[in-house]
Amino acid sequence: MSDEKSAQDWMADWQALQKQYWSAWQDATRNAAGAPDPATPWHEGFEQWARLFGDSGKQNETLDRLMAGAKGYMALMQSMIAAAGQNTGGADPKAWSEAMRQGFDMPGMDALLRGNPLAKMLRDIGGPGAQGIDQLSASFAPFLAQAKSEGLSWLHVPAFGYAREHQEHYQKMAAAFVEYQDAVSRYNALILKASQASFGIFEDKLAARDEPGRRIESPRALYDLWVDAAEEAYAQVALSDEFRKVYGDVVNAQMRVRAHVQAEVERIGTDLGMPTRTELNSVHKRLHEMRRAGKNGSDQRVAELEREVAALRSEVATLKRGRPTPATVAAHPKHKAVKAAKGRK
Amino acid sequence: MGPLRIDPQKAMDEALRFNQRIAASFKTLRSLDEVDYGATAKEEIYREDKLVLYRFRGANKPTAKLPLLIVYALVNRPYMVDLQNDRSLVKNLLAMGEDVYLIDWGYPDQSDRYLTLDDYINGYIDRCVDAVAKHCKVGKINLLGICQGGAFSLCYASTHREKVKNLITMVTPVDFHTPDNMLSHWTRGMDVDLFVDTLGNVPADLMNWCYLTLKPVRLNQQKYIGLVDILDNKAELENFLRMEKWIFDSPDQAGEAFRQFIKDFYQANKLVNGGLKIGDKDVSLKNVTMPVLNIFAEQDHLVPPSASRPLKQLAGTKDYTELAFKGGHIGIYVSGRAQREVPGAIHDWLAART
């Protein structure tokens with residue numbers, strides 16, 4: 001089957017599915033007097049889309065990001081419209097804020113992310129080649145689990161015997177893992193704080209819109225208002241002294257973990273007779289130093305030559321005017337020979 | 001009454017349209033051509049290591065007396081200044097008669113790890129300035145530094161006054177310690193020695209992750225919700241993807257240069273506090289005595305205006321001009337307003353001084 005044909009098949013499937021899905025939805029909406037049925041989540045339409053697209057083998061980074069955003073947005077819309085349809089919100093911004101909070105907690109999501117939309121955004125940023133704090137922490141988790149299952153006290157037991165150096169290194173590496181996880185926990189706590197604050201700010205922003213001409217009339221406008229609130233809450237936390245300290249701790253702890261892992265990989269590489277990064281760095285460093293020295297030396301030589309050329313030009317100019325200069329008289333081979341002959345006498 | 005007046009049926013229609021646009025995207029995304037960039041013809045006039053110095057070619061011969069060299073940041077690719085036909089600072093400057101040159105830094109690899117700020121500023125930039133001056137047979141040139149490239153240009157202009165006739169800085173950080181500078185705030189708790197010693201060069205993906213976390217909801221979700229609005233519009237989608245490519249097509253950062261930039265600029269704020277040394281040259285903004293045009297963006301979240309404005313007090317020049325652009329760090333190059341306002345302001349300012 002050609003690629004084009006399979007795409008057409010896929011489109012036909014998708015359109016049929018969407019028609020069926022949205023007809024059912026519109027019926028349900030009418031029957032429930034305008035209130036969407038929470039038992040049939042809107043974002044399920046996107047799940048079906050994603051499944052179809054996945055089957056067609058055409059999923060990629062762009063669509064993944066698009067779908068992640070769209071699903072979250074649709075779940076949010078549904079929650080807000082349900083609140084509007086059932087009049088659960090009324091004039092109370094707190095009720096709308098609660099509906100918003102529920103909208104973020106999509107079925108099937110990681111329990112750790114519930115009530116914490118900012119943590120979800122940060123986790124979603126990670127992708128191939130771009131691991132965030134959360135992903136890196138997860139990749140180190142097996143080491144941490146092992147370290148913790150054996151108790152942390154062994155990390156401080158003195159090492160001895162033939163393999164003492166190796167043991168000491170492993171202990172330091174495990175301690176760095178533990179330190180990193182602690183730093184990540186403190187970072188996550190601050191992100192949760194920002195998420196919680198975002199709902200309060202959202203309520204305030206919403207309350208401020210309770211006047212003619214400023215009322216929210218579409219789910220998109222409501223969503224945009226929440227984004228403003230979330231960014232404001234995040235910025236307040238991210239610009240705090242506490243966040244600066246915790247952020248620095250996370251970065252520094254992660255670098256210590258990486259450095260330990262690199263050292264271990266180098267040791268294995270050395271045992272196998274492979275070139276290491278340290279060796280390459282030494283070569284690169286020497287090369288740069290030599291190049292700088294060469295360039296500086298060559299610059300000085302050029303400057304000397306420029307001075308010499310300027311002096312010679314001046315002499316030539318003087319000679320052209322027919323007057324010998326003291327320098328040319330002394331330097332001329334004929335004069336030198338005369339002087340030498342005089343000296344011998 | 002309450003703050004919301006959402007009609008469920010209208011909201012339902014909005015959701016349906018949202019869904020239909022996503023459906024349409026399957027066809028549109030498949031029909032897109034390869035996203036290209038760079039609108040203006042250019043010729044290479046100098047090359048060294050991974051660096052290439054280009055001269056752009058306009059439809060007509062330049063009328064400006066002195067050439068203009070653009071020094072871009074190391075952290076992104078310089079084609080932002082010539083992104084596409086209707087979004088090109090370069091193209092507009094050429095049309096006004098400027099003779100425009102650009103340094104393309106290339107993509108550093110591990111063999112470039114030990115490149116220092118001295119190598120970049122007193123080495124590469126200086127040799128490019130010489131190459132441009134030689135090419136145009138002039139003694140001095142005009143310099144336009146962008147973002148980090150603006151900070152480099154300030155250092156260069158301070159220590160090579162005899163080669164710079166006029167200096168333009170765009171979205172350039174000068175005071176790195178203003179309270180609204182989130183990026184700077186975060187770097188101050190970092191052990192940058194440990195960071196560079198561990199990573200060597202700083203990976204582009206890590207840099208991009210850091211930038212995205214400055215505004216996680218806006219940059220990671222709201223932007224893609226907005227994308228749905230244009231999924232059925234091929235031309236707008238191509239613009240979006242071109243910009244997306246630029247955002248994430250980032251070079252790794254040479255380790256030693258990164259170390260010094262973070263320590264001296266972000267952490268010690270030496271452009272303001274003094275004590276900055278690049279190689280064997282002392283840098284003082286008091287020595288920036290040539291005319292200066294400082295352009296910044298009022299909604300810039302990467303280089304807040306408060307970080308750029310102090311140049312007025314710190315520079316030694318008596319001829320200082322400021323242009324506050326209504327837009328953001330990227331909009332200053334690609335928005336419609338930017339095309340109308342920025343190239344003309346640069347050209348007029350230069351014309352009055354050369």
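Two strands are taken to pair if DSSP finds at least two bridges between them. Helices (H or I, at least four residues) and strands (E, at least two) are DSSP runs, numbered from the N terminus. In this sense B:I141 of β7(B) has B:V164 in β8(B) as its bridge partner.

The model is predicted: local features need pLDDT of at least 70, side-chain atom pairs count only at pLDDT 80 or more, and totals for chains, interfaces and linings use all residues. Residues are numbered from 1 along each chain as its sequence is written, while chains are lettered from A and ligands numbered from 1 in the order in which they are written.

Chain B contains 15 helices and 12 strands. Its C-alpha trace spans about 70 × 50 × 45 Å along the principal axes. The radius of gyration, taken over C-alpha atoms, is compared with a globule rule of 2.2 Å times the number of residues to the power 0.38. For 354 residues a compact globule would have a value near 20 Å; chain B has 21 Å, which agrees. A residue counts as buried if 20 or more other C-beta atoms lie within 10 Å of its own, as exposed if 12 or fewer do, and as partly exposed in between, with C-beta atoms placed from the backbone. By this count, 49% of the 354 residues in chain B are buried. Two residues are in contact if their C-beta atoms, placed from the backbone, lie within 7 Å. Among contacts in chain B between residues at least 6 apart in sequence, 81% join residues at least 24 apart.

An open sheet of 8 strands organises part of chain B, in the order β1-β2-β6-β3-β7-β8-β11-β12 and with mixed pairing. β1 and β12 (320-325) of chain B stand at the edges, each with a single partner strand, so one side of each lacks a neighbour in the sheet. Neighbouring strands are turned by 20° against each other on average, direction ignored. Axes here are lines fitted to C-alpha atoms, for helices over the stretch in contact, and angles run from 0 to 180 degrees between N-to-C directions.

At one edge, β1 (residues 42-48) and β2 (residues 51-56) of chain B pair in the antiparallel sense over 6 bridges. B:K42 is bridged to B:F56, and B:Y46 to B:L53. The two strands form a hairpin with 2 residues between them, and B:D49 in the turn has a positive phi of about 50°. β2(B) is also joined to β6 (residues 100-104) of chain B by 4 bridges, again antiparallel. There, B:Y54 stands opposite B:L102.

Further along, the pairing is parallel. β3(B) and β7(B) share 4 bridges in the parallel sense, with B:L144 as the partner of B:I70. β7(B) and β8(B) run parallel and are joined by 6 bridges. β7(B) is mostly covered, with 6 of its 6 residues buried. B:I141, B:L143 and B:G145 point one way, and B:N142, B:L144 and B:I146 the other.

Two helices lie across these strands. Helix α4 (residues 148-159) of chain B crosses β3 (68-71), β7 (141-146) and β8 (164-170), running at about 145° to β7(B). Helix α15 (residues 336-351) of chain B lies across β7, β8, β11 (292-297) and β12, at about 175° to β12(B).

A nonpolar core is a set of buried Ala, Val, Leu, Ile, Met, Phe, Trp, Tyr and Cys residues joined through C-beta atoms within 7 Å. The largest has 154 residues, and B:L69, B:I70 and B:V71 have the most contacts inside it. Its largest share, 13 residues, comes from helix α7 (residues 164-208) of chain A. Leaving aside neighbours within four places in sequence, B:V71 contacts residues including B:I103, B:I125, B:L143 and B:F152.

Chain A supplies further helices. The expected span of a helix is 1.5 Å times one less than its number of residues. The 20 residues of α8(A) (residues 219-238) should span 28 Å, and the end C-alpha atoms are 28 Å apart. Among its buried residues are A:L222, A:L225, A:W226 and A:Y234. For the 31 residues of α9(A) (residues 241-271), the expected 45 Å agrees with the 45 Å between end C-alpha atoms. Buried positions in α9(A) include A:F243, A:Y247 and A:M255. Just after this helix, A:G273 takes a positive phi of about 75°.

A:R307 is found in helix α10 (residues 277-320) of chain A. A:R307 is exposed, with 10 other C-beta atoms within 10 Å. A:R307 and A:L225 are 82 residues apart in sequence and 69 Å apart in space, C-alpha to C-alpha.
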